[in-house]
Amino acid sequence: MSTKSFQDLINEVHDRGICQECGGCVSFCSSAEFNIIGFKDKYSPPEYINKDKCLECGICYYICPQTHILDDSLNKSYKFSDFSSMPIGYYEDIYSCRATDKEFLEYGTDGGVVNSIINYLIEKKMIDGAIVSRTDAPFSREATFADNKPDLIRSSGAKLDISPQLDEIQKFSTYTHSIPELNHYKFKKLAVVGTPCQLYTVRCMQDLGVTPSENVEICLGLFCYENFFFDKSQIKKFEKDFNIKFSDIEKINIKEDVIFKLKSEGAGEKIIHIPFNHLNNYMRFACNACDDFTNVYADISFGGLGSPDKYTTVIVRTEKGKKVMAQVISDGVVSCLEIDSSKKNKMIELISQFSQSKVNRKEDFMKDLV
Ligand SMILES: Cc1cc2nc3c(=O)[nH]c(=O)nc-3n(C[C@H](O)[C@H](O)[C@H](O)COP(=O)(O)OP(=O)(O)OC[C@H]3O[C@@H](n4cnc5c(N)ncnc54)[C@H](O)[C@@H]3O)c2cc1C
Ligand code: SF4
Ligand code: SF4
Ligand code: SF4
């Protein structure tokens, strides 16, 4: 390999504002024990901490989702060619499902399918646990490890009261640093739930055969059109723009648009839909440079788009994913809607449209990027 190093990531990725903060470089640094790089601030790209100890091995550079060095190799492994011919990636099948467990269904973002699959894999001892994301408030998430049902329910990201410290916290983000968490659980068999940028780095490391990626048993990918970031001034602007009090937001969901469930004084729920293009001011800048909507390298991908309310769209991609999905269906962990081929085609068309629009957004953005 050539003599690339983390300095090249600083020059080519960070300084251009397109670091997606996936944390891959930090997790998989060849010399992680020397604390060479790390997140000094969780809302900014990683930085050199002990630059003199950098081996200049280039691993961080090769696995970064913004350098695309290993794309050809991954595309071969995951039977994917490119977004123009396969906008939603290679898939074996597509479903619309929901959890049969009442709690996973109630607290789940959509059909509670992701966490009920993780719970099943733990019960069957196929994994020791999973890196998921705990929701402290609708816009504040922390990566965490879950190996039991109560912890999974806590990480389901549904109804949660906003913490009373809301006003003291300066920044909120829907993004979470799940991948660096991998380092704490090096000797366990893990499921990792992640956005496309996060799972990309895991797949690159598996491609290169570098520790601790061999502990990742299964990659459960979330659809992701974009992520959001708010500091104090943006919270004020958001409240003015949309006439919504931040502290009234109980839950957010993302499908065709961004859906806010608000606290309501009277009976019933107050739901507000805001189109993605109205939220451009709150989107993480680096998300503009990302073209994968459906998580094309996951074993199974999950989203709300294409399914009715309280159902999850499930795209099964790999042999491993196929096996797990067959098991959870036959053991009654999830129930699936019966969808005929014409409905399936409609789902695929809708998801392909969103995938294509993300690809186009990146193309436009990259044209102007210096
Ligand atoms: C930032 C973000 C953007 C999304 N964008 C879209 C979109 O544009 N269109 C669409 O159809 N679907 C989108 N999704 C996916 C959708 O919101 C649901 O997560 C998905 O449908 C699974 O629902 P579920 O009820 O089956 O999952 P659940 O059973 O509720 O499980 C969800 C799992 O995701 C984990 N999780 C939550 N947030 C994060 C995070 N930020 N990083 C890593 N893990 C996390 C939770 O801990 C939990 O393990 C997005 C999700 C996120 C987190
Ligand atoms: S690997 Fe991830 S965190 Fe590291 S520079 Fe690339 S995008 Fe940023
Ligand atoms: S040791 Fe290798 S992986 Fe770690 S920062 Fe230096 S170049 Fe990157
Ligand atoms: S759009 Fe989603 S997958 Fe892409 S960089 Fe942003 S958070 Fe990561």
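Which helices each supply at least two residues of the shell around ligand 2? In this predicted model, the helices in question are H1 (6-14) and H2 (24-27). The shell around ligand 2 consists of 15 residues, and Cys19, Cys22, Gly24, Cys25 and Cys64 are the closest of them. Sorted by class, this shell holds 9 nonpolar, 5 polar and 1 charged residues.

Two further ligand shells were examined. Ligand 3 is surrounded by 14 residues, with Phe6, Cys29, Cys54, Cys57 and Cys60 closest to the ligand. Of the residues in the shell around ligand 3, 9 are nonpolar, 4 are polar and 1 is charged. Around ligand 4 there are 12 residues, and those that come nearest are Gln20, Cys197, Cys224, Cys287 and Cys290. The shell of ligand 4 is made up of 7 nonpolar, 3 polar and 2 charged residues.

The chain as a whole contains 12 helices and 15 strands. Its C-alpha trace extends over about 60 × 50 × 40 Å along the principal axes. A compact globule of 370 residues would have a radius of gyration near 21 Å, and the value of 20 Å found for the chain agrees with this. Buried residues account for 42% of the 370 residues. When contacts between residues at least 6 apart in sequence are considered, 68% of them join residues at least 24 apart.

Two domains are assigned in the chain: domain 1 covers residues 1-69, and domain 2 covers residues 73-244 together with 281-368. A distance of 24 Å separates the C-alpha centres of domain 1 and domain 2. Contacts between the domains involve 20 residues of domain 1 and 20 residues of domain 2. On the side of domain 1 that touches domain 2, helix H2 and helix H3 (59-63) each contribute at least two residues. This side of domain 1 is composed of 12 nonpolar, 6 polar and 2 charged residues.

In soluble globular proteins, nonpolar side chains tend to be buried together. The largest nonpolar core of this model comprises 84 residues, and Cys25, Ala130, Ala191 and Leu220 have the most contacts inside it. Because domain 1 and domain 2 both give residues to this core, the core lies between them. Another core, of 5 residues, lies apart from it and includes Phe228, Phe230, Ile235 and Tyr282. Cys25 thus appears in two settings, being among the residues closest to ligand 2 and among those with the most contacts inside the largest core. For alanine 130, the residues touched, leaving aside those up to four places away in sequence, are Ile118, Ala146, Leu190, Ala191, Val192 and Val193.

Ile118, one of the residues touched by alanine 130, is a buried residue of helix H6. Helix H6 spans residues 113-123 and is largely enclosed by the rest of the structure, because 9 of its 11 residues are buried. The buried residues of H6 are Val113, Val114, Asn115, Ser116, Ile117, Ile118, Asn119, Leu121 and Ile122. Lysine 125, just after H6, has a positive phi of about 60 degrees.

Aspartate 110 is found in the loop between helix H5 (102-107) and H6. This aspartate has 26 other C-beta atoms within 10 Å and is therefore buried, the cut-off being 20 or more. Residues up to four places away in sequence aside, aspartate 110 touches Gly304, Ser307, Lys310, Tyr311 and Thr312. The C-alpha atoms of aspartate 110 and leucine 222 are 12 Å apart, while 112 residues separate the pair along the chain.

Positive phi values also occur at asparagine 35 and lysine 79. Asparagine 35, which is not a glycine, has a positive phi of about 55 degrees. It is located in the loop between H2 and strand E1 (37-38). Asparagine 35 counts as exposed because it has 12 C-beta neighbours inside 10 Å. Lysine 79 likewise has a positive phi, near 55 degrees, in a residue other than glycine. The loop that contains lysine 79 runs between helix H4 (71-77) and strand E3 (93-99). With 14 other C-beta atoms within 10 Å, lysine 79 is partly exposed.

Key. Residues numbered from 1 in each chain as written. Chains lettered and ligands numbered in written order. Predicted model: local features only at pLDDT ≥ 70, side-chain atom pairs only at ≥ 80, totals over all residues. Near = placed C-beta within 6 Å. Nonpolar A, V, L, I, M, F, W, Y, C, P; charged D, E, K, R; others polar. Helix = DSSP H or I, 4+ residues; strand = E, 2+ residues; numbered from the N terminus. Rg over C-alpha atoms; globule rule 2.2 N^0.38 Å. Contact = placed C-beta atoms within 7 Å. Core = buried A, V, L, I, M, F, W, Y, C linked by C-beta atoms within 7 Å. Domains from an automatic or database assignment.
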